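Let's take a walk through a protein model, one corner at a time. Have the 3D view open and follow along.

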Amino acid sequence: MATLGKPAANRNAMKQTSNKNIGGRVDVLRWSEEMDLLAIGTEKGEVILQRLKWQKVWQLLPPEEGLKVRGIAWRPGENLIAIGYSNGTILQLDIETKDVVHSFSVQSDISCMNWTDNGESDETANHTWNSIHQNHATFLPTLPVLSTLCSSTKPASYNPMDFCRKHILNVLLVGTVTGQLHLSALGMLPAGRVDVLAMAGLPPSTNARIHEAQMSFNFKQLVVALEQDTGLTVIVLENNLLHKYAGSLLNLSINYAQILSTMTYINDTIDCIVETWETVLLEMDKKLTQYADDHPGDSISADFLELLMFGTTSPGLEEFLLRDLSEKGLRRLGNSMDLCYATIQRLVVVPLYNAIYALFYHLNVLEGMLQNRVYYGALMIRTASQALRDCGAFQIKCFELQQTIDYSKRDFKIFFRWLCSVIVRLMDEPLQEHYPTITQQELTYLANFLAQFDDSYNSADTTVTEDSQRKLIGLRRKFNLERVGQYLEDKPLLHKADGSELSQWKQMLKENECFQNSPNVFPHREDHSLLQEQKRVKESIRLLFEQPSAALGGAFRPKNLLTLQQQTAPTANEAIRSFASCNHPVDNVTLVSIIQSSNSLLLVECYAEGGMKMVRLRFEDKPYFDQPIGTLSFRHAQFYNADTLSLLLHTQPEGQAVAGGSYYLQLALGPIREILRSTELREGARTLTEETDGCRVLNAYTFIDECALKLLDGNDGHRIAVSGKRNVTAILSESRRNIRLYDMDAQDEEEEEEDDDRLENSSQLNSSLDNSQESIHQPQ
């Protein structure tokens with residue numbers, strides 16, 4: 001049967017392009033359908049990205065020591081790859097930059113991953129796409145690159161639309177060793193969790209793992225293979241809700257991706273602020289803490305206020321100013337703090353403000369979308385009003401932080417200038433001619449600043465005795481003169497901001513509860529830090545987007561069940577149970593290939609309207625072949641495309657006990673599916689063993705052309721990875737340390753080159769003939 005316009009026989013005119021050894025055993029092998037890239041997961045937890053010509057693109061170490069790679073999936077149509085690890089973590093990376101775009105965890109060891117899409121754009125929702133999800137670039141300012149504002153390295157882009165260029169819904173399926181299947185729309189939004197054990201009617205204590213999962217193009221049908229010690233269970237689940245509201249889920253997923261990327265940008269911005277704050281601003285607190293420890297019975301505010309009002313100092317304060325601070329040290333510290341505050345202010349005013357504006361915009365877009373209850377009501381009952389209120393409170397706290405930075409810059413600048421003049425006077429040296437004087441307004445600020453010194457360190461514990469308190473008071477007194485740092489800790493503020501300017505507004509809210517409880521009035525939580533408000537926003541968004549997962553996960557219903565049982569305990573060679581699946585774009589069926597044993601391959605058609613058809617292939621009566629090929633057996637299978645099944649076969653020489661070689665076969669499915677058309681369509685639950693009647697058995701030799709068998713070099717093969725779109729095949733050796741890459745279109749390319757040569761020779765001949773004719777007809 002022809003495959004993608006070319007005969008299946010031509011597909012086995014394969015040309016080996018690489019034969020390479022890998023440093024460790026290979027656990028996962030996956031081709032990209034969009035690019036000539038092969039992802040290799042090793043036993044060390046590393047992921048290697050190789051090109052067809054064996055050019056390494058990059059190598060990724062595991063996020064934690066000792067983790068194993070359990071699954072790899074390529075996002076359809078995008079430059080994105082998802083990697084699942086043994087601790088349940090899934091990383092999604094940009095294959096060009098190796099940056100982590102998104103990560104989440106399923107809290108359990110991963111057994112399989114697959115990424116499916118519907119293959120075509122949702123034309124009915126294009127208006128929503130254009131009017132909502134693309135207009136944010138018009139209304140919102142571009143977020144600045146954080147790497148230019150702080151010393152740490154940050155991603156250059158936080159735009160999730162770089163990885164969602166097409167308006168097509170795709171779903172990432174993640175199976176676990178506990179029999180749970182997790183769905184994630186666009187790999188971002190949780191779209192359901194399915195307890196496959198419960199769906200199959202098995203007790204929770206059953207030792208079973210998800211072997212593979214495949215979702216149909218229309219997202220109505222989900223085929224899951226559940227592997228147990230006694231066999232393999234194939235369960236077909238139906239979800240009419242996901243099928244009906246696929247367009248709604250796509251729009252929600254895009255909105256969630258935009259919110260998620262904005263929150264990531266906010267997290268990175270706050271990390272930059274914390275990094276900048278921790279470098280310098282605690283130095284003055286440490287010096288004043290040491291002074292308080294050396295003078296446990298004195299009032300620090302009284303000492304400094306006495307110096308301000310009367311110009312007199314105690315011996316301890318004078319020694320502190322001349323020895324611990326000094327004029328040169330104060331100038332250096334003042335310049336460092338000015339630079340530090342300026343950097344923090346720049347991070348707050350531009351990146352943080354703009355990111356919160358963007359977050360508020362996307363939440364408002366979501367609120368508007370959820371007003372359409374017909375389109376979104378089945379997936380999300382609650383609206384985004386609480387998330388908007390928390391975002392508004394986060395924005396108010398950001399304004400409060402900016403105000404605190406302004407006050408701190410002003411107070412510290414006056415404080416350092418005054419201390420420098422005091423130290424110069426104590427050293428009996430003249431002030432510089434143009435040294436700035438302190439105005440009366442600045443004196444008021446300075447007096448208020450000094451009066452807060454006694455409130456800037458931890459008070460003594462009243463529950464202990466006076467003697468114990470006197471002994472421990474030095475250890476308990478710790479200055480917190482710097483006011484910005486408390487906003488960057490996940491605990492209530494020690495010193496609330498001055499809210500005198502908002503006293504009338506607070507009084508009005510206190511007297512009018514209707515205003516205070518209005519969803520349009522954002523709360524100002526005075527005792528909360530910036531990190532606490534950020535956590536509230538995260539939690540509100542998490543609770544908001546849990547709704548689609550709960551709705552879709554509860555909508556799955558079992559439809560068909562096929563149990564394949566082993567009569568005896570499988571041996572090492574028998575326990576392969578290769579499972580492969582593929583959606584046929586024309587016939588609207590899901591094809592499933594199961595190697596039940598070395599001599600039994602089951603081909604199943606799962607129909608969208610319900611029911612299954614299946615046939616079993618066996619190597620039985622072998623016909624005559626020109627070349628002795630021995631007795632064939634099934635080793636591994638993968639769908640090359642919807643019409644071709646790639647098979648890795650082992651051969652046993654006739655009359656010999658030693659193992660033979662390995663063959664690669666491209667099996668055309670057309671003749672087999674013609675036989676399936678006359679097979680009875682069955683629904684419900686079925687149990688099959690290799691000896692059970694009721695499943696038509698076909699001799700696999702009758703569908704094999706001797707010319708289509710390709711004997712593999714090295715005489716061994718463990719498993720294969722194929723891509724029909726890219727016309728490539730990778731074969732993993734039995735040791736799992738060697739990979740051979742094959743170009744399946746090599747012969748076609750040679751024929752094209754021959755055709756090009758013939759065309760070129762023909763054109764040259766015609767040109768020479770034309771020239772000769774012109775020379776003949778020239779007048780003498």
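## A strand under cover

Start with strand β32, where the side chains take turns: Asn 738, Arg 740 and Tyr 742 point one way, while Ile 739, Leu 741 and Asp 743 point the other way, and all are buried. Keep in mind that this is a predicted model. The strand covers residues 738-743, and 6 of its 6 residues are buried, so it counts as mostly covered.

## Who sits beside β32?

Which strands are joined to β32 by bridges? One is β3 (residues 15-21), which runs antiparallel to β32 and is joined to it by 6 bridges. Another is β31 (residues 728-732), also antiparallel, with 5 bridges to β32.

Tyr 742 is a handy place to look. Its bridge partner in β3 is Gln 16, and in β31 it has Thr 729 as a bridge partner. Now follow the chain from β31 to β32: the two make a hairpin with 5 residues between the strands, and Arg 736 takes a positive phi near 65° there.

## A crowd of rings

Time to hunt for aromatic rings. The model has 14 aromatic pairs. Take Phe 304 and Phe 415: their ring centres are 6.1 Å apart and their planes meet at 55°, so this pair is tilted. Why does the pair tie together parts that are 111 residues apart in sequence? Because Phe 304 belongs to helix α7 (residues 300-310), whereas Phe 415 belongs to helix α11 (residues 385-426).

Are these two rings buried or exposed? Phe 304 has 0% relative accessibility, so it counts as buried, and Phe 415 is buried with a relative accessible area of 0%.

Phe 415 also pairs with Trp 418: the ring centres are 6.4 Å apart and the planes are at 35°, so that pair is tilted too. Here both residues lie in helix α11, 3 residues apart, about one turn of the helix. Trp 418 is buried, and so is Phe 415. Step back and you'll find one aromatic cluster, formed by Phe 304, Tyr 341, Phe 412, Phe 415, Phe 416, Trp 418 and Phe 449.

## Two more stops

Next, look for a charge over a ring: Arg 410 lies over the face of Tyr 445, 3.6 Å from the ring centre.

Finish at Ile 344, found in helix α9 (residues 327-370). With 0% relative accessibility, Ile 344 counts as buried. Its C-alpha atom is separated by 8.6 Å from that of Val 274, a residue 70 residues apart from Ile 344 along the chain.

Definitions and conventions. Residues are numbered from 1 along each chain as its sequence is written. This is a predicted model: local features need pLDDT of at least 70, side-chain atom pairs count only at pLDDT 80 or more; totals for chains, interfaces and linings use all residues. Side-chain values use heavy atoms; hydrogens and water are left out. Rings of Phe, Tyr and Trp (its six-membered ring) pair if their centres lie within 6.5 Å; planes under 30 degrees apart count as stacked, over 60 as edge-to-face and the rest as tilted. Helices (H or I, at least four residues) and strands (E, at least two) are DSSP runs, numbered from the N terminus. Buried means under 20% relative accessible area, exposed over 50%, partly exposed in between (1.4 Å probe, protein chains only). A charge sits over a ring if NZ of Lys or CZ of Arg is within 6 Å of the ring centre and within 35 degrees of the ring normal. Two strands pair if DSSP finds at least two bridges between them.
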